[in-house]
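Student: I'd like a close look at one strand and what surrounds it. Could you walk me through that part and its neighbours?

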Amino acid sequence: MLDQYFFQDEVENLIYIDAGVEGVAGLGEVQNVQESGFGGQIVCGFKYRSEVLLQPVGRVYTNILEDEDSPFPGCGVQIQSAPQRSATNKTAAQLANNVVNNLLHTHSIYQHVINFNAQLCGTSPQLISKDIKERFEVLKQGADVNV
C-alpha cells in the first residue's frame, strides 16, 4: 500500500522511511537459531516535486512486494514462523531515529539504505550520491524539472 501511495501522481513530495529486520530462522536447529535474526535495513525513499530521487523500500528490496496472501504483508505475517530479536528491533529503531533526527535538525538525508547487523554492532550505509544531491538542488531552486 505504501509503495503504491509513494508512486501516485498526486503525491508530489514524500519522505518514506522503512525499517525491516530478519526473523530467526529454523527454530528446530540450534545453529540456525543462534546465527539468524540479527540483520536488517533502513531505507529512506524520497520524492520531491514528483521526481523520485531515492527509491522506496519496495523498489530496493522487491521481494517484499511479492506476498499476496495477506492484505498487509510484512512483520505481522512472518512473526509466527520467524520471530524477531529484541536487539535487532532496537537497532532498527535507533537507526531510523537517527535518520529522523537528521531530517529535523539539519534538514538533510545522508543515507539511502543502511544495512546492519545487531550481533556484530555494524552498519553499512549507502550514502547519497553527489548526483542526487545536485539534482535535488536544481529541483529546490525551482528550475525546469527536465534539466
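Tutor: Happy to. Let's start with strand β4, residues 111-117, in this predicted model. Five of its seven residues are buried, so β4 is largely enclosed by the rest of the structure.

What encloses it? Begin with the strands. β4 pairs with strand β2 (residues 39-48) in the antiparallel sense, over five bridges. In that pairing, Val43 stands opposite Val113 of β4. β4 also pairs with strand β5 (residues 122-127), again antiparallel, this time over six bridges. Here Gln111 has Leu127 of β5 as its bridge partner. β4 and β5 make a hairpin with four residues between them, and Cys121 in that turn has a positive phi of about 60 degrees.

Next comes helix α5, residues 86-106. Its 21 residues should span 30 Å at 1.5 Å a residue, and the C-alpha atoms at its ends are indeed 30 Å apart, so the two values agree. Within α5, the buried residues are Thr88, Ala92, Leu95, Ala96, Val99 and Leu103. They cover an arc of only 95 degrees around the axis, which puts them on the same side of α5. As background, an α-helix has 3.6 residues a turn, so residues three or four places apart point the same way. The buried residues of α5 pack against β4, and also against β1 (14-21), β2 and β5. On the face turned away from that buried side you will find the exposed residues Lys90, Leu104 and His105. Just after the helix, His107 takes a positive phi of about 55 degrees.

Now for the packing itself. The largest nonpolar core has 17 residues, and those touching the most other members are Ile42, Phe46 and Ile109. Two or more residues come from each of β2, β3 (51-54), α5 and β4. The biggest share is that of α5, with five residues. In general, nonpolar side chains in soluble globular proteins tend to be buried together.

Ile42 is a good residue to click on. Leaving out residues up to four places away in sequence, Ile42 touches Ala92, Leu95, Ala96 and Val99, along with His112, Val113 and Ile114, and also Ile17, Asp18 and Ala19. Apart from the 17-residue core lies another core, of five residues, among them Phe6, Val43, Val57 and Val113. So Val43 and Val113, the pair that stand opposite each other between β2 and β4, turn up again here.

Finally, look at the charged pairs. The count of salt bridges comes to four. One of them joins the side chains of Glu51 and Arg135, at 2.8 Å from N to O. Glu51 belongs to strand β3 and Arg135 to helix α6 (residues 130-140), so this pair ties together parts that are 84 residues apart in sequence. Arg135 counts as buried at 14% relative accessibility, while Glu51 is partly exposed at 23%.

Helix α6 has other salt bridges, including the one between Lys130 and Glu134, at 3.9 Å from N to O. These two lie four residues apart, about one turn of the helix. Lys130 is exposed, with a relative accessible area of 61%, and Glu134 is partly exposed at 41%. Lys140 forms a salt bridge with Glu137, with the closest N and O atoms 3.3 Å apart. Because Lys140 and Glu137 are three residues apart in α6, about one helical turn separates them.

Note on methods: Residues are numbered from 1 along each chain as its sequence is written. This is a predicted model: local features need pLDDT of at least 70, side-chain atom pairs count only at pLDDT 80 or more; totals for chains, interfaces and linings use all residues. Side-chain values use heavy atoms; hydrogens and water are left out. Buried means under 20% relative accessible area, exposed over 50%, partly exposed in between (1.4 Å probe, protein chains only). Two strands pair if DSSP finds at least two bridges between them. The expected span of a helix is 1.5 Å times one less than its number of residues. The arc is that of the directions from the helix axis to the C-beta atoms. Contact means heavy atoms within 4.5 Å. A nonpolar core is a set of buried Ala, Val, Leu, Ile, Met, Phe, Trp, Tyr and Cys residues joined through side-chain atoms within 4.5 Å.
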